[in-house]
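Work through the exercises below with the sequence and the model at hand, and try each task before reading its solution.

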Amino acid sequence: MFQSKKKFTIIGNWKMNPDTIEEAKSIFSAISRQATKNSKVMVVIAPPAPFIPVLSGKKIHISAQDVAGEPHGAYTGSVGARQMRSAGAEYVIIGHSERRAAGDDDKIIAKKIAESLSAGLRVILCIGEKERDNHAHYLHEVREQIIGALSRQDKKKIQWITIAYEPVWEIGQSFDLALAPALIHEMAIYIKKSAAEIFGKKQALRLPVLYGGSLNSENATAILRDACVDGLLVGRQSLDPLAFGKIIEYANNLS
Ligand code: PGA
């Protein structure tokens, strides 16, 4: 399948791992070496919030995993977008299925995005259907997530947004069950089509769409090569510098 040369974005979502700053620093510096060697790839790591200020490296960008929907105030336990930015985050993941499962609906997600954009964070918006059905209701679900999250955002900020398509039923599964590149390609087109309803066709065509869900160094290669996506959002395997490094290297060779 034809794939034009592009700069891929490879994001590692560490979720609530690892346990200590020492481990985080050691994984991060191994990834940073890979990122420096493969400089055509944009590498982003999303560590747990307390590790953000202590992790920095050349050719590697830092993302928060979530932010509060409010700017500041009496919200015990929450961290605001400006605070994440001040701690060193350049990006933020919003709408991850694990946050949606914990109660984030489209309204909350839209607020978090608006807060993040106004704080100067680049947004990685996660979307994805809970399950596939034979009547294509899942397409409706994905479209609703896009419209719900983005229709009220400042249209001029579209270049600050990346979409990560992560079918919920693919997250945390066996690596040999990864979605076929052709199905991901179809969804990437559908996502841009839905975004065009908000931003217009020209802008929506430029919107980066990443794929995530049970990626490892083996299944990632076919997806990067054939799925016409702009990069990947990797969970578990981003804590393994060897496996994650191979994904970065492959993306670099394709660029
Ligand atoms: P996984 O996680 O790669 O471990 O399936 C992906 C994600 O939740 O972003």
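**Exercise 1.** Sort the shell around the ligand in this predicted model by class: how many residues are nonpolar, polar and charged?

*Solution.* Begin by listing the residues that surround the ligand, which are N13, K15, H96, E166, I171, G172, G213, S214, L215, L233, G235 and R236. Next, assign each residue to its class, keeping in mind that Gly counts as polar. The shell then divides into three nonpolar, six polar and three charged residues.

**Exercise 2.** Find polar contacts of the ligand's oxygen atoms, and then decide where the ligand sits.

*Solution.* Start with the side chains: an N or O atom in the side chain of H96 is 2.7 Å from an oxygen atom of the ligand, and a polar side-chain atom of E166 also lies 2.7 Å from a ligand oxygen. Turn then to the backbone, where an N or O atom of G172 lies 2.7 Å from an oxygen atom of the ligand. Taken alone, the ligand exposes 280 Å², and the protein buries 99% of that area. As for its place in the model, the ligand sits in the largest cavity.

**Exercise 3.** Describe the aromatic pair in the structure, and explain which parts of the chain the pair ties together.

*Solution.* A pair of aromatic rings is described by the distance of the centres and the angle of the planes. The structure holds one such pair, formed by Y165 and Y211, with 6.1 Å from centre to centre and 50 degrees between the planes, and it is classed as tilted. Finally, place both residues in their strands: Y165 belongs to strand β6 (residues 161-165) and Y211 to strand β7 (residues 209-212), so the pair ties together parts that are 46 residues apart in sequence.

Key:
Residues are numbered from 1 along each chain as its sequence is written. This is a predicted model: local features need pLDDT of at least 70, side-chain atom pairs count only at pLDDT 80 or more; totals for chains, interfaces and linings use all residues. Side-chain values use heavy atoms; hydrogens and water are left out. A residue is near a molecule or strand if one of its heavy atoms lies within 4 Å of it. A polar contact is a pair of N or O atoms within 3.5 Å; within protein, one must be able to donate a hydrogen and the other to accept it, and residues adjacent in sequence count only if both atoms are side-chain atoms. Accessible areas come from the Shrake-Rupley method with a 1.4 Å probe; for residues, only the protein chains shown count as cover. On a 1 Å grid over the protein atoms alone, a cavity is a set of points where a 1.4 Å probe fits but cannot get out, and a pocket is an open set with protein on both sides within 12 Å along at least five of seven lines; lining residues have an atom within 4 Å of a point. A molecule sits in a cavity or pocket if more than half of its atoms lie within 2 Å of its grid points. Rings of Phe, Tyr and Trp (its six-membered ring) pair if their centres lie within 6.5 Å; planes under 30 degrees apart count as stacked, over 60 as edge-to-face and the rest as tilted. Helices (H or I, at least four residues) and strands (E, at least two) are DSSP runs, numbered from the N terminus.
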